[in-house]
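This briefing takes up salt bridges, a helix and its surroundings, and internal cavities. Please read it alongside the sequence and the structure shown here.

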Amino acid sequence: MLYYLFEYLDHTLDVPGAGVFQYITFRSALAIILSLLISTIYGKKIIQFLRKQQVGESIRQLGLEGQQEKAGTPTMGGLIIIIATLVPVLLLTKLNNIYIILLIVTTLWMGAIGFIDDYIKIFKKDKAGLKGIFKVIGQVGLGVIVGCVLYFHPAVTIRTQLPQSVSINQHQAQVSPAPQDEKSTATTIPFVKNNQLDYAEFISWMGDDYRDWAWLIFIPIVIFIITAISNGANLTDGIDGLAAGTSAISVVALGIFTFVSGNIMLCSYLNIMYIPNSGEMTVFISAFVGALVGFLWYNSYPATVFMGDTGSLTIGGIIAVLAISVRKEMLLPVLCAIFFAENLSVVMQVAYFKYTKKRFGEGKRIFLMAPLHHHYQKKGYHESKIVTRFWIVAILLAIVSIITLKLR
């Protein structure tokens with residue numbers, strides 16, 4: 001909203017300095033500062049409200065040192081992340097940008113699913129929370145919405161053929177008139193020189209008009225990614241500061257991708273796909289990172305609030321939609337490898353236990369406990385050490401992801 005106010009002041013009233021709001025970098029800096037202030041200052045008030053409403057976590061017996069001491073700690077702290085993200089976004093972004101609209105819908109949609117799950121656990125005294133089938137239906141529903149919008153909306157386009165920049169040594173990029181933007185299901189393959197893959201090619205056997213049916217491939221892929229990443233973030237939220245910290249690191253990397261992909265001169269220089277209007281997502285990402293870091297103020301060990309499914313499902317959904325929107329979804333196994341490791345550890349543990357129980361009559365386990373972070377707790381590592389080391393791994397993964405812009 002402030003964007004449109006300052007646009008009016010600049011273009012109509014010619015107020016000096018009002019044009020600074022046209023710059024994504026300025027609004028991004030403002031967004032991260034504002035979200036940090038909201039999450040740290042008002043976060044305390046939200047925690048006090050949750051404590052007053054007796055919205056406390058019921059810790060199940062895991063046999064882990066210090067686990068029972070956390071019983072009664074306020075949960076649903078994901079509300080802090082959601083509020084601290086959406087307020088700067090509503091104030092500082094172009095609200096008619098299709099990517100911003102999608103991200104706002106994702107935040108509210110996944111936040112609602114997580115909130116219902118936490119509500120059932122706390123107020124209905126049902127530790128299982130929202131039934132898994134309803135969670136999946138919610139995730140699939142969001143996937144259908146995101147997939148349809150990205151595929152059918154006329155404002156979602158890409159530009160793959162870019163003129164080469166000149167005068168780089170003079171810090172000026174003079175480019176010839178650019179080709180027209182096009183609708184496409186093309187995406188980026190990391191670490192490959194000719195790194196574009198068009199999902200439509202998978203159904204080229206359908207005839208000359210096969211591209212008209214590309215949504216049959218694209219939308220299911222979107223559904224799968226959103227479901228996988230949101231569940232991965234949900235499983236990662238098990239010890240203080242783990243999910244928020246690793247997510248913030250991954251989102252910073254995605255912020256670099258959105259800024260670069262939305263800048264035609266940088267795309268031309270790096271020889272990557274240009275995605276018109278995607279740069280606006282950088283402002284959203286800045287607000288999101290500020291909210292996550294501000295939440296860590298209270299969620300770091302020993303945590304005074306947990307994010308609950310309200311936060312973890314929202315985080316996973318946002319990361320998935322960001323990656324798909326900027327055509328970097330194939331980089332997620334690297335960028336979000338911690339989420340995948342947590343997911344995989346649970347799948348392997350359950351599958352192996354069932355197999356050995358059926359085969360030998362006694363179930364055996366691969367890990368001391370799943371998800372993976374609990375395995376290290378069982379081995380005697382303090383949760384602060386586990387979280388710090390996971391953060392270090394996340395930083396390395398983010399760096400590897402970023403250098404794929406040039407390393408191909």
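Is Arg211 buried, partly exposed or exposed? In this predicted model, Arg211 is partly exposed, with a relative accessible area of 41%.

**Salt bridges**
- The structure holds eight salt bridges, and one of them pairs Arg211 with Glu201, whose closest N and O atoms are 3.0 Å apart.
- Both partners of that pair lie in the loop between strand S2 (196-198) and H6, ten residues apart, and Glu201 is partly exposed at 37%.
- Asp117, Lys121, Lys135 and Asp309 are joined into one network by salt bridges that share partners.
- Within this network, Lys121 meets Asp117 at 3.4 Å, N to O, and the two are about one helical turn apart because they are four residues apart in helix H4 (residues 98-123).
- Lys121 also meets Asp309 at 3.6 Å, N to O; since Lys121 lies in helix H4 and Asp309 in helix H10, the pair ties together parts that are 188 residues apart in sequence.
- Lys121 is partly exposed at 30% relative accessibility, whereas Asp117 is buried at 0% and Asp309 is buried at 7%.

**Helix H12**
- Helix H12 (residues 337-360) spans 33 Å from its first C-alpha to its last, close to the 34 Å expected, and just after H12 Gly361 takes a positive phi of about 85°.
- Its buried residues include Phe339, Glu342 and Gln349, and among the elements covering the buried residues of H12 are helices H6, H7 and H14.

**Cavities**
- There are four cavities of 30 Å³ or more, and the largest cavity holds about 70 Å³ of space.
- The lining of the largest cavity comprises six nonpolar, three polar and two charged residues, including Phe191, Lys328 and Arg408.

Terms used
Residues are numbered from 1 along each chain as its sequence is written. This is a predicted model: local features need pLDDT of at least 70, side-chain atom pairs count only at pLDDT 80 or more; totals for chains, interfaces and linings use all residues. Side-chain values use heavy atoms; hydrogens and water are left out. On a 1 Å grid over the protein atoms alone, a cavity is a set of points where a 1.4 Å probe fits but cannot get out, and a pocket is an open set with protein on both sides within 12 Å along at least five of seven lines; lining residues have an atom within 4 Å of a point. Grid points are joined across faces, edges and corners, and a volume is the space filled by probe spheres set on the points. Ala, Val, Leu, Ile, Met, Phe, Trp, Tyr, Cys and Pro count as nonpolar, Asp, Glu, Lys and Arg as charged, and the others, Gly among them, as polar. The expected span of a helix is 1.5 Å times one less than its number of residues. Buried means under 20% relative accessible area, exposed over 50%, partly exposed in between (1.4 Å probe, protein chains only). Contact means heavy atoms within 4.5 Å. A salt bridge is a side-chain nitrogen of Lys or Arg within 4 Å of a carboxyl oxygen of Asp or Glu.
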